[in-house]
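Dear colleague,

I am handing over the structure we spoke about, with the sequence and coordinates shown just below. My notes on its pockets, one of its helices and its salt bridges follow.

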Amino acid sequence: MKKGSEKKPTKLTSGAKKLQAKIRALENKSRLLEREKDAFISIISHELRTPLAVIKGYLDLAADGLFGEIPAALKEPILKSRENADRLHRLIENLLEISRLEAGQLPLKWKSISIHALVSGALMEIEEDMKSKSLTMNIKLDDDLPLILADEEKVKRVLLNLLQNAIRHSPVRGRILVESGRWDPHRKKASPSGFIYMSVADEGSGITSAMRRK
């Protein structure tokens, strides 16, 4: 190799150095904001859990008649309050799980679960919400669905979130459809060797075209 043929390292101009420093500063600020956001979600969620647990406990006792017979005029407000306390509790738990997931502190509890049992359990929890809007639930599950390996609690929470969203956006006396079967994503059709799919559909207005990811 001839003398002087070695490649000299490229020197950054003063403008490039300033830009590089700004990028590093923005990255540091972004990481700091992310940590502060996670801490805020965790603190707020934990602070809300205790008073909400007390409120929910008294509402459950009242709704179950342990404080005496509920006057007719108060029955619906108490049941509605309990329903919304349950919804708030689920929202707080979701926030905590998101925080733990982002921090890598959310271990999965793998076990074999039945889709039929999963759907049945979820439907029992939304029965009152369905009745309040006179909704009809149609269930279409393949008879030969195999057991799946998953975290039952988390999969059920996802299903409940979808069902509650469907209820919230459904018109009165609307219909909700829950389907599950075998699916081959490559052939785009049912396949005995494919994956298991699950879907929840409602008759709401749906997502606007502006909000859909292209």
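**Pockets, a helix and salt bridges**

The second largest pocket has a volume of about 150 Å³, and please keep in mind throughout that this is a predicted model. Its lining is made up of Ile-115, Leu-118, Ile-148, Val-155, Val-158, Leu-159, Leu-162, Ile-196, Tyr-197, Met-198, Ser-199 and Val-200. Helix 3, helix 5 and strand 5 (195-201) are the elements that each give two or more residues to this lining, and the largest share, five residues, comes from strand 5. By class, eleven of the lining residues of the second largest pocket are nonpolar and one is polar, with no charged residues.

The largest pocket holds about 680 Å³ of space. It is lined by 23 residues, of which Glu-83, Asp-86, Arg-90, Glu-125 and Glu-128 are the closest to its centre. Two or more residues each come from helix 1 (14-63), helix 2 (72-102), helix 3 (115-125), helix 4 (127-132) and helix 5, with helix 2 giving the largest share, nine residues. Here the lining of the largest pocket counts 16 charged residues, alongside four nonpolar and three polar ones, whereas the lining of the second largest pocket has no charged residues.

Helix 5 contributes to the lining of the largest pocket and also to that of the second largest pocket, and I therefore looked at this helix separately. Helix 5 runs over residues 152-169, and its 18 residues reach 26 Å from the first C-alpha to the last, close to the 26 Å expected at 1.5 Å a residue. At its N-terminal end helix 5 is capped by Asp-151, a side-chain oxygen of which lies 3.3 Å from the backbone nitrogen of Glu-153. The buried residues of helix 5 are Lys-154, Arg-157, Leu-159, Leu-160, Leu-163, Gln-164, Ala-166 and Ile-167, and one of these, Leu-159, is also among the residues that line the second largest pocket.

A search of the whole structure finds eleven salt bridges, and three of them are described here. Glu-125 pairs with Lys-156, with the closest N and O atoms 2.8 Å apart. This salt bridge links distant parts of the chain, since Glu-125 belongs to helix 3 and Lys-156 to helix 5, 31 residues apart. Glu-125 counts as partly exposed because its relative accessibility is 43%, and Lys-156 counts as partly exposed at 23%.

Glu-203 forms a salt bridge with Arg-175, where the closest N and O atoms are 3.1 Å apart. Because Glu-203 lies in the segment after strand 5 and Arg-175 in strand 4 (residues 175-183), the pair ties together parts that are 28 residues apart in sequence. Glu-203 is partly exposed at 39% relative accessibility, and Arg-175 is partly exposed with a relative accessible area of 47%.

Salt bridges that share partners join Lys-56, Asp-60, Asp-64, Arg-82 and Asp-86 into one network. Within this network, the side chains of Asp-60 and Lys-56 meet at 3.3 Å, N to O; being four residues apart in helix 1, they are separated by about one helical turn. Asp-60 counts as partly exposed at 21% relative accessibility, and so does Lys-56 at 22%. Asp-86, another member of the network, is among the residues closest to the centre of the largest pocket.

With best regards

Key:
Residues are numbered from 1 along each chain as its sequence is written. This is a predicted model: local features need pLDDT of at least 70, side-chain atom pairs count only at pLDDT 80 or more; totals for chains, interfaces and linings use all residues. Side-chain values use heavy atoms; hydrogens and water are left out. The expected span of a helix is 1.5 Å times one less than its number of residues. Buried means under 20% relative accessible area, exposed over 50%, partly exposed in between (1.4 Å probe, protein chains only). A polar contact is a pair of N or O atoms within 3.5 Å; within protein, one must be able to donate a hydrogen and the other to accept it, and residues adjacent in sequence count only if both atoms are side-chain atoms. On a 1 Å grid over the protein atoms alone, a cavity is a set of points where a 1.4 Å probe fits but cannot get out, and a pocket is an open set with protein on both sides within 12 Å along at least five of seven lines; lining residues have an atom within 4 Å of a point. Grid points are joined across faces, edges and corners, and a volume is the space filled by probe spheres set on the points. Ala, Val, Leu, Ile, Met, Phe, Trp, Tyr, Cys and Pro count as nonpolar, Asp, Glu, Lys and Arg as charged, and the others, Gly among them, as polar. A salt bridge is a side-chain nitrogen of Lys or Arg within 4 Å of a carboxyl oxygen of Asp or Glu.
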